[in-house]
Amino acid sequence: MRIALILVMVLLTPLVFAQSVTNVGYFKDASYHLVQGVEYENGYLYNPKGKKQLLRVVTLDWPPYIGQALCNKGWVFQFAVAVLAEQGYKVHVEFLPWARAVRAAETGKADILMPEYYIEDSAPSDYVSGKTRREMLALSNSFPGGEIGFLKRKGDKDRFDGNLLSLKGQKIGVVRGYQNTPEFDAMMDNGEFVIIEAVDDLQLVKLLVGKRVDLIIGDPKVLRFTVNYSQLSKPEKVKLLSNIENESKLLKYNYLYFALSKSKPQWRQVLDDINKSLYQFSNSGETDRIIEMGNLECF
């Protein structure tokens, strides 16, 4: 009888036995709100007693913005959980390779993909034949992001003069599934560059140093952090980092977005709620505070 009772308790309360993980805190109306997290189903569950539905959020390791090995998993992780929990949602965050995360959102296996760059209307889906990405995903209002540009091998002459036409025919490395800028992505889709795809940012840097491409495109800060946070040996890290440098001209500043799967029946309500939180956090200064705290080291 006792064994049966214990079994029933386990089945009814599976989260009680989960391991504690990083908590998320944020301020609203001068009050501090703490959202506790637990490990759950290959990810992390927050606000399990929330009044609204469970949202499955897929993301990637993308230091210094977000990553499982980062202090408090990075400010974008903290920000996303706070934005969704503030609106009463239960939040399940799972880290995946980016291409898998994109596929999960576009095919409706996940509710939200983040952080995403702006997606132009014409960008084709790699996973749903005959559809554009914007037919599959709805973008929230923006929140702060970072710069994007080209990196070259150290000592090479600049190839980018500020106009993407100067790069026509160049061999450029990209991470599969990443948006970069609408102009670059449109030219890439039109076959105006020779594109070599990498599975992640680390492989992208290796393509450049290994002379398999002329340039790579991405957030320079992310590319360097990714190498530093990798499992490579110190000599390997030094070799990669000492052999890359930024092109003199940056491409642009890219804001970040939540991308919501339109296959979910309540995506419009979720989108409205996210935009409400984004406005509240920005207007109160909480967005800036979370970013600033995310740039501090954990002790």
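Helices and strands here are DSSP runs, numbered from the N terminus. With that naming in place, a convenient entry to this predicted model is Gln179, which lies in the loop between strand S10 (171–175) and helix H5 (182–189). Gln179 counts as buried because its relative accessible area is 7%, under the 20% limit. Its side chain makes two kinds of acquaintance: a polar contact with the side chain of Glu120 at 3.2 Å, and a polar contact with the side chain of Asp185 at 3.0 Å. Beyond residues up to four places away in sequence, Gln179 touches Glu116, Tyr117, Tyr118, Ile119, Glu120, Ala123, Arg133 and Asp185.

Attention turns next to the nonpolar interior. In soluble globular proteins, nonpolar side chains tend to be buried together. The largest nonpolar core of the model holds 90 residues, and Ile112, Phe150 and Phe258 touch the most other members. Helix H2 (residues 75–86) gives the most to this core, contributing 10 residues. For Phe150, the contacts outside its neighbours within four places in sequence are Phe160, Leu164, Leu167, Ile172, Phe184, Leu215, Ile216, Ile217, Asn246, Glu247 and Leu251.

Among those contacts are Leu215, Ile216 and Ile217, which belong to strand S12 (residues 215–218). This strand is covered on both faces, with Leu215 and Ile217 buried on one side and Ile216 and Gly218 buried on the other. Strand S12 pairs with S9 in the antiparallel sense over three bridges, and Gly218 of S12 is the bridge partner of Gly149. Strands S10 and S12, in turn, run parallel and are joined by two bridges; here Ile172 stands opposite Leu215.

Helix H3 (residues 98–106) is mostly covered, since seven of its nine residues are buried. The buried set consists of Trp98, Ala99, Ala101, Val102, Ala104, Ala105 and Glu106. These residues pack against strand S5 (54–59), strand S7 (112–116), helix H4 (133–136), strand S8 (137–139) and strand S14 (252–261). Just after H3, Gly108 takes a positive phi of about 85°.

The aromatic residues deserve a paragraph of their own. A pair of aromatic rings is described by the distance of the centres and the angle of the planes. The model has 21 aromatic pairs. One of them, formed by Phe143 and Phe258, is tilted, with 5.3 Å centre to centre and 45° between the planes. This pair links distant parts of the chain: Phe143 sits in strand S9 (residues 143–153) and Phe258 in strand S14, 115 residues apart. Both Phe143 and Phe258 are buried. They also belong to one aromatic cluster, together with Tyr26, Trp62, Tyr65, Trp75, Phe79, Tyr117 and Phe281. Elsewhere, the charged end of Lys73 sits over the ring of Tyr44, 4.6 Å from its centre.

Next to Phe143 in the numbering is Ser142, found in the loop between S8 and S9. Ser142 counts as partly exposed because its relative accessibility is 36%, between the limits of 20% and 50%. Leaving aside neighbours within four places in sequence, Ser142 is in contact with Tyr255, Leu256, Tyr257 and Leu278. By contrast, 25 Å separates the C-alpha atoms of Ser142 and Ser31, which are 111 residues apart along the chain.

A hairpin is formed by strands S1 and S2, with two residues between them. Strand S1 (residues 24–28) and strand S2 (residues 31–35) pair in the antiparallel sense over five bridges, and Leu34 in S2 is the bridge partner of Gly25. In the turn, Asp29 has a positive phi of about 55°.

Finally, some backbone geometries are worth a friendly second look. Most residues other than glycine have a negative phi, and most peptide bonds are trans. A cis peptide bond joins Pro63 and Pro64, with omega about 10°, and Pro64 is placed in the loop between S5 and H2. The bond from Met114 to Pro115 is also cis, with omega near -5°; Pro115 is found in strand S7. Asn72, in the loop between S5 and H2, has a positive phi of about 55° although it is not a glycine, and is partly exposed with a relative accessible area of 36%. Lys211 has a positive phi of about 65° and lies in the loop between helix H6 (201–209) and S12, where Lys211 is exposed, with a relative accessible area of 65%.

Technical notes:
Residues are numbered from 1 along each chain as its sequence is written. This is a predicted model: local features need pLDDT of at least 70, side-chain atom pairs count only at pLDDT 80 or more; totals for chains, interfaces and linings use all residues. Side-chain values use heavy atoms; hydrogens and water are left out. Helices (H or I, at least four residues) and strands (E, at least two) are DSSP runs, numbered from the N terminus. Buried means under 20% relative accessible area, exposed over 50%, partly exposed in between (1.4 Å probe, protein chains only). A polar contact is a pair of N or O atoms within 3.5 Å; within protein, one must be able to donate a hydrogen and the other to accept it, and residues adjacent in sequence count only if both atoms are side-chain atoms. Contact means heavy atoms within 4.5 Å. Rings of Phe, Tyr and Trp (its six-membered ring) pair if their centres lie within 6.5 Å; planes under 30 degrees apart count as stacked, over 60 as edge-to-face and the rest as tilted. A charge sits over a ring if NZ of Lys or CZ of Arg is within 6 Å of the ring centre and within 35 degrees of the ring normal. A nonpolar core is a set of buried Ala, Val, Leu, Ile, Met, Phe, Trp, Tyr and Cys residues joined through side-chain atoms within 4.5 Å. Two strands pair if DSSP finds at least two bridges between them.
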